[in-house]
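Reader: I'm new to this one and would like a close look at a single part, the largest pocket. Could you walk me through that part and what surrounds it?

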Amino acid sequence: MPARRPGKLPPETVTARYLLEYGENALEVAANAIADGARVVIHDDVLATGGTVEAIGGLVEQLGGTVVGVNFVIELSFLGGRKRLSNYDIYSLIEY
């Protein structure tokens with residue numbers, strides 16, 4: 001299930017707005033993308049501050065799913081995103 005910037009997915013979406021260190025952003029997912037009780041693994045390229053995954057996790061839970069893990073290719077550990085996402089099981093391939 002893709003999470004995209006507003007206006008990129010077909011109608012009937014749910015939106016999460018989140019703060020960045022330099023402003024605000026938003027993500028949308030299809031309103032019917034997650035079945036009630038679904039177990040979801042979130043995949044993202046980079047863990048920086050954790051705001052993006054925090055927003056996606058909120059959408060998953062809002063739609064009735066449970067986040068069971070989060071995977072990243074790269075983690076920028078000096079930005080503290082892992083602490084922000086401490087309620088999730090996190091795996092990163094590369095840490096800087």
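To get my bearings, how many helices and strands make up the secondary structure of the chain?

Author: Let's start with that, and keep in mind that this is a predicted model. The chain has two helices and five strands. Starting at the N terminus, you meet them in the order β-β-β-α-β-α-β. The radius of gyration is 13 Å, close to the 12 Å that the globule rule gives for 96 residues, so the chain is as compact as a globular protein of that length. If you picture a box around the C-alpha trace, its principal axes span about 40 × 30 × 20 Å. Of the 96 residues, 34% are buried.

Now for the pocket itself. The largest pocket holds about 460 Å³ of space, and 26 residues line it. If you want to find its centre on screen, look for Asp44, Asp45, Thr52, Val53 and Ile56, which lie nearest to that point. As for the character of the lining, 16 of its residues are nonpolar, six are polar and four are charged.

Which elements do those residues come from? Strand S1 (13-20), strand S2 (23-30), strand S3 (39-47) and helix H1 (51-62) each give at least two residues to the lining. S3 makes the largest contribution, with eight residues. Let's take the strands among these in turn.

S1 and S2 go together. A hairpin links S1 to S2 through two residues, and the two strands pair in the antiparallel sense over eight bridges. You can check the register with a couple of pairs: Leu19 sits opposite Glu24 in S2, while Thr15 has Glu28 of S2 as its bridge partner. S1 also has two distinct faces. On the covered face you'll find Val14, Ala16, Tyr18 and Leu20. The uncovered face carries Thr13, Thr15, Arg17 and Leu19. That puts Thr15 and Leu19, the residues from our two pairs, on the uncovered face of S1.

S3, the strand with the largest share of the pocket lining, belongs to an open sheet of three strands. The order there is S3-S4-S5, with parallel pairing. S3 and strand S5 (90-95) are at the edges with a single partner strand each, so one side of each has no neighbour in the sheet. From one strand to the next, the twist averages 10°. The partner of S3 is strand S4 (residues 66-75), and eight bridges join the two as they run parallel. For a landmark in that pairing, try Ile42, which stands opposite Val70 in S4.

One last stop is the other helix, H2, which covers residues 81-84 and includes Arg82. How exposed is Arg82? Its relative accessible area is 34%, so Arg82 counts as partly exposed, falling between the 20% and 50% cut-offs. Arg82 also shows how the fold brings separate stretches of chain together: its C-alpha atom is 6.9 Å from that of Gly50, although the two residues are 32 apart along the chain.

So, back to the part you asked about: look for the pocket where S1, S2, S3 and H1 each supply at least two lining residues, and use Asp44, Asp45, Thr52, Val53 and Ile56 to locate its centre.

Terms used:
Residues are numbered from 1 along each chain as its sequence is written. This is a predicted model: local features need pLDDT of at least 70, side-chain atom pairs count only at pLDDT 80 or more; totals for chains, interfaces and linings use all residues. Side-chain values use heavy atoms; hydrogens and water are left out. On a 1 Å grid over the protein atoms alone, a cavity is a set of points where a 1.4 Å probe fits but cannot get out, and a pocket is an open set with protein on both sides within 12 Å along at least five of seven lines; lining residues have an atom within 4 Å of a point. Grid points are joined across faces, edges and corners, and a volume is the space filled by probe spheres set on the points. Helices (H or I, at least four residues) and strands (E, at least two) are DSSP runs, numbered from the N terminus. Ala, Val, Leu, Ile, Met, Phe, Trp, Tyr, Cys and Pro count as nonpolar, Asp, Glu, Lys and Arg as charged, and the others, Gly among them, as polar. Two strands pair if DSSP finds at least two bridges between them. Axes are lines fitted to C-alpha atoms, for helices over the stretch in contact, and angles run from 0 to 180 degrees between N-to-C directions. The radius of gyration is taken over C-alpha atoms; the globule rule is 2.2 Å times the number of residues to the power 0.38. Buried means under 20% relative accessible area, exposed over 50%, partly exposed in between (1.4 Å probe, protein chains only).
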